[in-house]
Amino acid sequence: MAHADEAAVFNKDEAKVDWHDKALWFVRQKRDKSAHNVKGWENLRDLASAIKANVLSNLDGYLLQFEENAQKNGVTVHWAADAEEHNKIVHSILAKHDVKKVVKSKSMLTEECHLNPYLESHDIEVIDTDLGERIVQLAQEPPSHIVLPAIHKRKEEVDVLFQEHLGTKPCNGDPQYLTSEARKHLRDKFLKADAAITGVNFAVADTGGFVVCTNEGNADMGAHLAKVHIACMGMEKLIPQEKHLGVFLRLLARSATGQPITTYSSHFNKPEPGKEMHIVIVDNGRTEQLSREDFRASLHCIRCGACMNTCPIYRRSGGHSYKATIPGPIGSILSPGIDLKKHSSLPFASTLCGSCSDVCPVKINIHEQLYKWRQVIVKDVPQPVVKKTVLKIAGSVLANSKMYSFVGKSSRFMLKHAPRFLIYSKLNAWGKARDLPEVKNENFDEWYKKRKKNE
Amino acid sequence: MSRESILKAVKKNKPESLPLPEIDLSFFEEEINLVETFIDNLKFVGGQAIQLNAIEAMDAEIKKLYPKASKIVSCVKESTLGTISINKDTEPHGLEDIDLAIIKGELAVAENGAIWIAESDFTIRALPFITNDLILIVEKKDIYLHLHHVYEAISKRERTFGVFISGPSKTADIEQCLVVGAHGAMSLTVFIV
């Protein structure tokens, strides 16, 4: 199904859409407030963007440097060309230690690779430990947002879900009670886990270390209690030097939620004596994206989710409507590179208003890339006949000023005089759930000419 | 292993080399009261700050704040409240029911209310996360304006494990309602001396 059709499903519950829209806009406002508090915010964005561009242009060198330093620290480094190889590597590490229970903190990469079902098929229990991720895991759904995985769920739904799976008492969705019950439930999982899997927010080439950011402390609870820690990272997560963390950590949480920094920013360098630390570096289509000049800057992304919170389409269509691991504007420029046909409707799920590019902490030109993907898609993917025909007609009208003027006049006449059932018929998508603007008698051209005459 | 093929593909597909920019700190310098800003930000992220004239007054304050705490790990010689001693070989799972941990912070960041602690400050990596409540001690002279200065200050450390902690553990994953106390410490108190 195309994005618009999926969005229509989400839009059936109008009250929920309104709530979703407002909740995310509130996060966007918190981001603004936080960003405006920082002197030199725009300089920080410029720096971050330039550092990421430098990383991509020397990625092979930085990868080698990172590997060498991580190995010196006693960390085992693995390389995976695709999702399948990634999953096999993770499983082989777990199998070697006879691991049966794994706790996992947030990692969009392991979502992308569908690691959970793979490990479960090998009789390994995988528990997502971020509260939002645990909620969607229990609901057997994918996350709908990369920072707020359960933003599409109302608290009453969480209440019911926890009653069923955690045996909680009915509480009208009291977040305090539900969170405290989740804490107890997951603490038990942390204590019993044989291995912990985490994502990587930043990997530092010149130290071989990596940083994981959470608010809940779940990555640390997992990694410090289990005997084995596996950190999975997309290859674009590298930064050259540790001091560059100063730039990125200042931007990340402020852009994501408006916090000045996440509660925990954990710097892992060496495994504890007697324990193992592994890093899996994953390509899975990233080198291909690197080859595309128009789209490679999408690899700057630090997964803050700011573009989602600000996007008028995302806020009103929900993350699941994108049918992609990464939803929203950034997902819509990443996903076509992975499967053009499957994700061909995503670059059209945008008004091209550019708000995503304005809030992006690493200055990805998201809306320009959306426009560029459209141009690729109309050439490579067959478009619906209706859309093609309508656009052809629109093209000929716009190319001919007399025709344009005639069509404008007749549309205005129709809008004013035609009966309501005709204007708001099913054929007019613009009349769905909104009133069309009031019609004036003249258009700009006529108004301007009249004004000139009167001068 | 796909190491060689990945590296080869990167080499082939990467753009022409672009320069690594220098961080010009003059963009970010500000004349502000570091202690006040730090305290404001710490409050904003859900922590509480207590200024002490003398470190000797700390234990009395702790007893007032956490009267019920009985299982206490103190990693500082300035507090005598510790009831459980730990060393490198302590099994972290055994710290599951710790009420309170007291740790000396190496430095603090005014701009975000964060405190840097490294493994050598708390011996057992799980401790600051698994404890029910957390106390960090920071000296006024160790409060820095922002992260750029801090990374310079910690650049010579022995790198094993270290963490910036900004407030107590929290989540807003249920309808964006902020709940303090997710998986890590339920509260954070910072003594500034």
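Before you click on anything, one term: buried means under 20% relative accessible area, exposed means over 50%, and partly exposed is in between (1.4 Å probe, protein chains only). What you have open is a predicted model, where local features need pLDDT of at least 70, side-chain atom pairs count only at pLDDT 80 or more, and totals for chains, interfaces and linings use all residues. Residues are numbered from 1 along each chain as its sequence is written, chains are lettered from A and ligands numbered from 1 in the order in which they are written, and side-chain values use heavy atoms, with hydrogens and water left out.

**Stop 1: across the chains**

Select Glu158(B), which is exposed at 62% relative accessible area. Now add Lys270(A): the two form a salt bridge (a side-chain nitrogen of Lys or Arg within 4 Å of a carboxyl oxygen of Asp or Glu), with the closest N and O atoms 3.8 Å apart. Lys270(A) sits in the loop between strands S9 (264-268) and S10 (276-282) of chain A, and Glu158(B) in the loop between helix H6 (147-153) and strand S8 (161-165) of chain B. Helices (H or I, at least four residues) and strands (E, at least two) are DSSP runs, numbered from the N terminus. Lys270(A) is partly exposed, at 27%.

Next, pick Glu242(A) and Arg159(B), whose side chains meet in a salt bridge at 2.9 Å, N to O.

**Stop 2: the whole interface**

Show both chains. Here 73 residues of chain B are in contact (heavy atoms within 4.5 Å) with 95 residues of chain A. How many salt bridges does the rule find across this interface? There are 10.

Now zoom in on S9(A) and S8(B), which run antiparallel and are joined by 5 bridges; two strands pair if DSSP finds at least two bridges between them. Click Tyr264(A) to find its bridge partner in S8(B), Ile165(B).

**Stop 3: inside single chains**

Go to helix H22 (residues 444-454) of chain A, where Lys449(A) and Asp445(A) lie 4 residues apart, about one turn of the helix. Their side chains meet in a salt bridge of 3.1 Å, N to O. Lys449(A) is exposed at 52% relative accessibility, while Asp445(A) is partly exposed at 40%.

Over in chain B, try Arg125(B) and Glu119(B): their closest N and O atoms are 3.1 Å apart in a salt bridge. Are these two buried or exposed? Both are buried.

Last pick: select Lys16(A), Glu141(A), Lys153(A) and Glu157(A) together, and you have a network of salt bridges. Over all chains, the count comes to 46 salt bridges.
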